[in-house]
Amino acid sequence: MLDQAPVQTQQIGKYQVKVIREKCIGAASCVAIANQVFELDEEKIAKVISQDGNDDETKLLAAQSCPTMAIIVTDTQTGKQVWPIE
Ligand code: SF4
C-alpha cells in the first residue's frame, strides 16, 4: 500500500493575479505568456480564468509584460503586492 503519511503538498499558485479592467487595453501580451491564466473576454479585456493554470513565475512575467500595468500580483502568503512594485 502506498504511504499515506502527510506529504509536502506542491505549492500551486502562491501568487494571485488581478486585472484592473479600466487599465487593460487588450494588448494580450499577458494571454500570450500565461494563456492558462488570462483570456480576453468579449470586450477584448483580459480576465483571469484560473489562478492555477500557470506557475507563479509565469504569472509574474505576464503581469510584467503588460504595457499599462493592468495586472496586480499579490503574494497570498504575505499579503503583499509583488507587482507593480509600490
Ligand atoms: S497585457 Fe495588460 S493590457 Fe494587455 S490584455 Fe493583458 S492586462 Fe490587458
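This passage describes the fold of a predicted model and the surroundings of one cysteine and a ligand.

The protein contains 2 helices and 5 strands. Read from the N terminus, these elements follow the order β-α-β-β-α-β-β. Of the 86 residues in the protein, 20% are buried. Among contacts with a separation of 6 or more, 54% are made by residues 24 or more positions apart.

Cys-24 lies in the loop that runs between strand S1 (15–19) and helix H1 (29–33). Around Cys-24, 23 other C-beta atoms are found within 10 Å; the residue is therefore classed as buried, the cut-off being 20 or more. When neighbours within four places in sequence are set aside, the contacts of Cys-24 are with Val-19, Ile-45, Ala-46, Thr-68 and Ala-70. Of these partners, Val-19 belongs to the range given for strand S1 (15–19). The C-alpha atoms of Cys-24 and Lys-44 are 8.8 Å apart, with a sequence separation of 20 residues.

Cys-24 is also one of the residues closest to the ligand, together with Ala-27, Cys-30, Ala-46 and Cys-66. Ala-46 thus appears both in this closest group and among the contacts of Cys-24. Cys-30 falls in the range of helix H1 (29–33). In total, 16 residues surround the ligand. This shell consists of 12 nonpolar and 4 polar residues, and no charged residue is part of the shell.

Methods
Residues are numbered from 1 along each chain as its sequence is written. This is a predicted model: local features need pLDDT of at least 70, side-chain atom pairs count only at pLDDT 80 or more; totals for chains, interfaces and linings use all residues. Helices (H or I, at least four residues) and strands (E, at least two) are DSSP runs, numbered from the N terminus. A residue is buried if 20 or more other C-beta atoms lie within 10 Å of its own, exposed if 12 or fewer, and partly exposed in between; C-beta atoms are placed from the backbone. Two residues are in contact if their C-beta atoms, placed from the backbone, lie within 7 Å. A residue is near a molecule or strand if its C-beta atom, placed from the backbone, lies within 6 Å of it. Ala, Val, Leu, Ile, Met, Phe, Trp, Tyr, Cys and Pro count as nonpolar, Asp, Glu, Lys and Arg as charged, and the others, Gly among them, as polar.
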